[in-house]
Amino acid sequence: MNNMLISYWQFIAAIIIVGCVAMYGSGRKSSDAVIKSEGDSKVAEKRMAQENHAVAKPGAAVRLKDTEPLKAAQPGKHEYQLQLISPVRKGKMTVDVSSSDNSVVILSSDDFEFALEEAGEYLLPLALNVSNQGRFYIQLQISISSDDQPEPITRVISVILQVGEPEIKMRKAAAPISADGSEGIIVLPAQETISSK
């Protein structure tokens with residue numbers, strides 16, 4: 001009788017254990033499903049951030065529409081229209097314009113402000129007074145702020161200003177031409193060292 005009672009209790013304990021394991025497994029599957037769906041949304045957010053990052057460089061999402069250098073035949077006062085493009089649809093964009101060289105004076109306002117909108121293209125009128133020939137760089141320090149971001153995101157874009165002919169073209173034009181009409185040899189200074197091993 002004692003053996004039968006022990007077997008009965010063992011049987012009940014086995015049923016309880018199997019029931020607990022089954023309940024734990026189904027609960028774990030549902031929590032795994034919740035974790036997996038949360039994980040999928042995090043993966044989707046991460047993928048979207050990577051796609052957005054691939055489109056824009058680090059910093060503020062803004063770029064120049066035309067990246068060709070600005071050109072002027074000779075020193076003096078010159079006016080240009082730069083076009084900035086930003087996919088950001090709300091907020092404010094400020095642009096601070098400065099020059100890398102004292103030969104270039106910014107005549108237009110050196111600080112611009114734009115309300116970001118659906119069109120996404122912004123004209124930046126630039127008036128410059130250049131005193132020398134050469135290659136100069138105009139820095140655009142751009143800051144975008146919106147309600148979604150606690151701090152403004154910034155980016156610096158350099159615009160090339162070429163006044164007169166580039167130095168390479170000038171050197172090439174000054175190169176002697178041989179009797180057969182082909183360009184002559186340009187002699188450049190060089191040092192040669194010979195080491196014995």
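Leu-107 sits in the loop that joins strand 5, residues 104-106, to strand 6, residues 111-115. I should say at once that we are looking at a predicted model. Within it, Leu-107 has a relative accessible area of 44% and is therefore partly exposed.

Which residues does Leu-107 contact, once its neighbours within four places in sequence are left aside? They are Lys-77, Ala-127, Leu-128 and Asn-129. For Asn-129, which is 22 residues away along the chain, the C-alpha atom lies 6.7 Å from that of Leu-107.

Let me turn to charged pairs. The structure holds one salt bridge. Its partners are Lys-65 and Glu-121, whose closest N and O atoms are 3.7 Å apart. This pair links distant parts of the chain, with the two positions 56 residues apart in sequence: Lys-65 belongs to the loop between strand 1 (63-64) and strand 2 (70-72), while Glu-121 belongs to strand 7, residues 121-130. Lys-65 is partly exposed, at 46% relative accessibility, and Glu-121 is also partly exposed, at 38%.

I now come to the interior. The largest nonpolar core comprises 29 residues, and those with the most contacts inside it are Leu-84, Met-93, Val-95, Leu-140 and Leu-161. Elements contributing two or more residues to this core include strand 3 (76-85), strand 4 (92-99), strand 8 (134-145) and strand 9 (153-163).

Finally, let us consider Leu-140 from that core. Beyond its neighbours within four places in sequence, Leu-140 contacts several residues, among them Leu-64, Leu-82, Leu-84, Val-95, Leu-124 and Ile-157. The contacts of Leu-140 also include Asp-96 and Arg-155.

Terms used:
Residues are numbered from 1 along each chain as its sequence is written. This is a predicted model: local features need pLDDT of at least 70, side-chain atom pairs count only at pLDDT 80 or more; totals for chains, interfaces and linings use all residues. Side-chain values use heavy atoms; hydrogens and water are left out. Helices (H or I, at least four residues) and strands (E, at least two) are DSSP runs, numbered from the N terminus. Buried means under 20% relative accessible area, exposed over 50%, partly exposed in between (1.4 Å probe, protein chains only). Contact means heavy atoms within 4.5 Å. A salt bridge is a side-chain nitrogen of Lys or Arg within 4 Å of a carboxyl oxygen of Asp or Glu. A nonpolar core is a set of buried Ala, Val, Leu, Ile, Met, Phe, Trp, Tyr and Cys residues joined through side-chain atoms within 4.5 Å.
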